[in-house]
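Trainee: I have a new structure to read and would like some guidance. Could we go through it together, one feature at a time?

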Amino acid sequence: MLTMTHLQKVYRTHLIETYALRDFSIRVEEGEFVAVTGPSGSGKTTFLNICGLLEEFTAGQYQLDGVDVRGLGDSARSRLRNEKIGFIFQSFNLIPDLNLFDNVDVPLRYRRIAAGERKRRIEEALARVGLASRMKHYPSELSGGQQQRVAIARALAGSPRLLLADEPTGNLDSLMARGVMELLEEINRQGTTIVMVTHDPELAARAHRNVHVIDGQVTDFDSEPMLVRSVRDGDASRAMA
Amino acid sequence: MEIRPILSALLRSKVSMILIGLQVALTLAIVSNALFIVSERLERMQRPSGMNEADTFLFNSTGFGQGYDVKSVQQGDLQLLRGLPGVVDATSIISVPMSESGWSTGVSLQPRQATSTANTALYMVDAHGLSSYGLKLVEGRDFRPEEIGFRSMNDRNVPTTVIITRALAARLFPQGGALGKQVYYDNEGPPTTIIGIVDHLQTPWLDADFIDNSSLMPAYLPYGNVTRYLVRAEPGRRDEVMQGVEQAMIQANPSRIIGRVRTMEQVRADGYAGDRAMAIILGAVIVALLAITALGIVGMASFWVAQRTRQIGTRRALGATRWDILRYFHTENFIITTLGLVVGGVLAYALSLWLMREYQAPRLPWHYVPVGFACLWLLGQLAVLGPALRASRVPPALATRSV
């Protein structure tokens, strides 16, 4: 699904260079549920941003669903992001002035999908997260867990190949977090690849595979994953050594 | 198009939308009416007087001292003026167009008619009058020297011949054939025969409802010891002639004062000073209103961009291109401006009706409002461009940054 090889992300000012990612290599297969863990400032969010084409990288290679994203222009990246990736943010990032229907509609409009098809997808996605009856409600009228469910519905409505979740339960209590996690697991069981950044070891344990990042580098895999095999077979093995 | 979700989002924060919409509405109402008034004033200022303004100037000669014979001085002056280098012609006058001072009377088709058929300004000239004013005779003939007589201010005898403007001829004789007809300038007096028709000559009064009705009568009419002269110079030599005329007149007769030497361009400028001031003031009001409206839109859009930075980042993360963000803000502005303009259109016509009722102003032509619509739409789109460009540069990575 995605392959990063010897990826590097450097933030430069006129005084200093900060390496957010250094010789970062990872491969995620289609259908996997990968949890990315690591301390604050380790580079998890930078990885997620690059993964989701929200930021450009400085060096290395990144292939997303067979597309080499290096050198893609802003519009092409936006299109790719819209068509292939669904985002779930820690703070839900719903638009407060839009009702649930219109919130879920946002990415679909950018894909120029016909109105009828959009309506079908929105209703289906909201039904899937159990909020079909609250389409006309506004985010402020929902609990945190419900808002995150709307964000998941928004991500699902576009039928993404890859779902990127940035601390999806970070702002939720344990009960709501469990509900959201169960929903993500169900989505993954239905075939969507999920990469989730989390601090929570309990949540990470529920993923197929954990990737630990420290100082911008992958330092540990928790099992004998496909990705280790593939990295050993390829150039990335040098980076992992 | 994202009109429905943008509109429903706007309706959630009505105050800002209403404030900007109201500002746009008032701007349209005031600017369209003000523009109409300005254009009316400018059009009014462009009206031709009918005479040669570029090459003519006028001045007063006021005699003093015992034995000052105004009649003989006047005849000598006219001879002198006509002989000056660069002078085409000269005549004595009582008034000129746009001076707001002169004589007027009623003209009737029958003696002792209860109500005059038309009102007219009276210009007293000699046989050099048409040439000095630079008027175009379209029918009939000019005055002959023997027809010109001296008149006093209290003289009740009306000259027997008159030259009138085409507009007055049409008013008196709508079927045509005014030339040679007799009309009455004095209900009790003898008739006056129309011997000529000139193309155009305005009355001295710019607000007169009979502004194009003028009559030229063959007479010298000094005001006591004051004589007013109109001099027409060769093209391009007016200023040169003007400089020498005062000295030449004093040399010819030192018992007088030469004053109020003015070009017809100055007379026009003075005559239309009020209109010009009104046009400038209203122009400044229009510019100020448009600037305030544009700044209001810039301010509100900038505030919204700052307020929604994270939201914009989220939209970018969800697949919006820079162009989508730019278009979002332009569409939002378009909706607010359109709502404001619809209200403003109604207000514009209401304001026009009020001006008509209170100040007898003419009705606002319908096309001013759609033109105002287009201008304010354009202004709104230009005003929102800067904040919208700023919004389009918000990086998508902002969506994942913690608050």
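Mentor: Let us begin with helix α11 of chain B, bearing in mind that this is a predicted model.

Trainee: Which helices of chain B do the buried residues of α11(B) pack against?

Mentor: The buried residues of α11(B) pack against α2 (14-45), α8 (273-307), α9 (309-317) and α10 (322-359) of chain B. An α-helix has 3.6 residues a turn, so residues three or four places apart point the same way. In α11(B) the buried residues include G372(B), L376(B), G380(B), V384(B) and A388(B).

Trainee: How far apart are the end C-alpha atoms of helix α11 of chain B, and what span should its 25 residues have?

Mentor: Because each residue should add 1.5 Å, the 25 residues of this helix, 368-392, should span 36 Å, and the end C-alpha atoms are 35 Å apart, which agrees. There is nevertheless a kink of about 40° at L385(B), shortly before the proline P387(B), and P387(B) is itself among the buried residues of the helix.

Trainee: Into which domains is chain B divided?

Mentor: Chain B is divided into domain 1, made of 3-46 + 273-400, and domain 2, which covers 56-271; the centres of these two domains, taken over C-alpha atoms, are separated by 54 Å.

Trainee: What radius of gyration does chain A have, and what would a compact globule have?

Mentor: A compact globule with 241 residues would have a radius of gyration near 18 Å, and chain A has 18 Å, so the two agree. The secondary structure of chain A comes to 9 helices and 10 strands, and 50% of its 241 residues count as buried.

Conventions
Residues are numbered from 1 along each chain as its sequence is written. Chains are lettered from A and ligands numbered from 1 in the order in which they are written. This is a predicted model: local features need pLDDT of at least 70, side-chain atom pairs count only at pLDDT 80 or more; totals for chains, interfaces and linings use all residues. Helices (H or I, at least four residues) and strands (E, at least two) are DSSP runs, numbered from the N terminus. The expected span of a helix is 1.5 Å times one less than its number of residues. The bend at a residue is the angle between axes fitted to the seven residues ending there and the seven starting there. A residue is buried if 20 or more other C-beta atoms lie within 10 Å of its own, exposed if 12 or fewer, and partly exposed in between; C-beta atoms are placed from the backbone. Two residues are in contact if their C-beta atoms, placed from the backbone, lie within 7 Å. Domain bounds come from an automatic or database domain assignment. The radius of gyration is taken over C-alpha atoms; the globule rule is 2.2 Å times the number of residues to the power 0.38.
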